[in-house]
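Trainee: Could you take me closely through the surroundings of the ligand, and then through the empty spaces in the protein?

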Amino acid sequence: MSRDRCRYFGTNFKMHQTPAESAQFYVELAAMTGALEGVQLFVIPPCTSLATVVAASDGHRERIWIGAQNMYWAPEGAYTGEISGPMLAKLGVDLVLLGHAERREHFHETDVELNKKVLAGIACGLRVLLCVGETAEERSFGVGAETISRQLKIDLHHFPVEAVDRLLIAYEPVWSIGEGGVPANPADVEAAAKLIRAVLTDLLGPVGGVVPLLYGGSVNPGNAAGFAALPDIDGLFVGRAAWSVPGFRDTLDAALMDHQS
Ligand code: PGA
């Protein structure tokens, strides 16, 4: 993460944790990271925990955003089981995660649908953290760059440039995520980050070059520093390693080594 950029660091609980556990995590995290400056933290619990975490977040929200893992693009309607952007905004949520690899794979989210979700999330005032990344199969055919470009071009189609300060991108190669995931090589992450910046600049103009760009996929205290030091990476998006407060703190400390020195 280059020194002149704000740094971002957060975790997605996926389908884990009760409301009480999520709130306890948030409160303990706030206490453990109280003195930290210049770093934007975020926590993305399951939707059943959002109201409880929001209620527990008094006084810490500027430092530790609360995010939702998904939303539907329509503001309301006959869409049983779905949650809309305005519902999340009313709840007091700061951001919505869209396009996570698990949503794309298990729930067959398409880029065209994601485009509607991105625009809807932005329209109701939320920040959007959009995930992009190639699968192992796409990589094996040498079309990783094409996949990333396609995802960005479709997902961000007609993105309103005036709302660019509410957009964050996470590069998460699918083969690096979760159990059995293989951490990426930092040099490959930097190449992907440069590509993402170029596509964002094409799509959004010069402001595309300063959209926060996070890396995610099997990040842990042992490899966080290598990703965090990359010139085009502004933050880390962590799963398993940050699901306990000490794990979150250890991974964050490793990522911030160059920042604090
Ligand atoms: P992981 O998850 O750190 O457990 O690989 C990352 C993610 O799914 O964003």
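Mentor: A polar contact is here a pair of N or O atoms within 3.5 Å, and with that cut-off in mind we can turn to the ligand, remembering throughout that this is a predicted model. A backbone N or O atom of Gly 178 lies 2.8 Å from an oxygen atom of the ligand, and a backbone N or O atom of Gly 239 lies 2.9 Å from a ligand oxygen. From Glu 172, by contrast, it is a polar side-chain atom that comes to 2.6 Å from an oxygen atom of the ligand. On its own the ligand has 280 Å² of accessible area, and the protein covers 99% of that.

The residues around the ligand are Lys 14, His 100, Glu 172, Ser 176, Ile 177, Gly 178, Gly 217, Ser 218, Val 238, Gly 239 and Arg 240, and by class this shell divides into two nonpolar, six polar and three charged residues.

Glu 172, which belongs to the ligand shell, also lines the largest cavity, together with Gly 99, Ala 101, Arg 104, Cys 131, Val 132, Gly 133 and Val 174. H4 and strand S5 (127-132) are the elements that give two or more residues to this lining, in which four residues are nonpolar, two polar and two charged. The space in the largest cavity comes to about 40 Å³, and the count of cavities of 30 Å³ or more is one.

Helix H4 (residues 101-106) appears again in the largest pocket, where it supplies the largest share of the lining, three residues. This pocket has a volume of about 560 Å³, and of the 19 residues that line it, Met 15, Gln 69, Asn 70, Arg 103 and Phe 107 are the closest to its centre. Its lining is made up of nine nonpolar, six polar and four charged residues.

One more element deserves a careful look, namely helix H10 (residues 245-255), which is largely enclosed by the rest of the structure because eight of its eleven residues are buried. The buried residues are Val 245, Gly 247, Phe 248, Arg 249, Thr 251, Leu 252, Ala 254 and Ala 255. At the start of H10, a side-chain oxygen of Ser 244 reaches to within 3.0 Å of the backbone nitrogen of Gly 247, and Gly 247 is itself among the buried residues of the helix.

Definitions and conventions:
Residues numbered from 1 in each chain as written. Predicted model: local features only at pLDDT ≥ 70, side-chain atom pairs only at ≥ 80, totals over all residues. Heavy atoms only, no water. Near = heavy atom within 4 Å. Polar contact = N/O pair within 3.5 Å; in protein donor to acceptor, adjacent residues only side chain to side chain. Areas by Shrake-Rupley, 256 points an atom, 1.4 Å probe, with all protein chains shown as cover. Nonpolar A, V, L, I, M, F, W, Y, C, P; charged D, E, K, R; others polar. 1 Å grid on protein atoms, 1.4 Å probe; cavity = no way out; pocket = protein on both sides within 12 Å on 5 of 7 lines; lining within 4 Å. Points joined across faces, edges and corners; volume = space filled by probe spheres on them. Helix = DSSP H or I, 4+ residues; strand = E, 2+ residues; numbered from the N terminus. Buried < 20%, exposed > 50% of the residue type's maximum accessible area, 1.4 Å probe, protein only.
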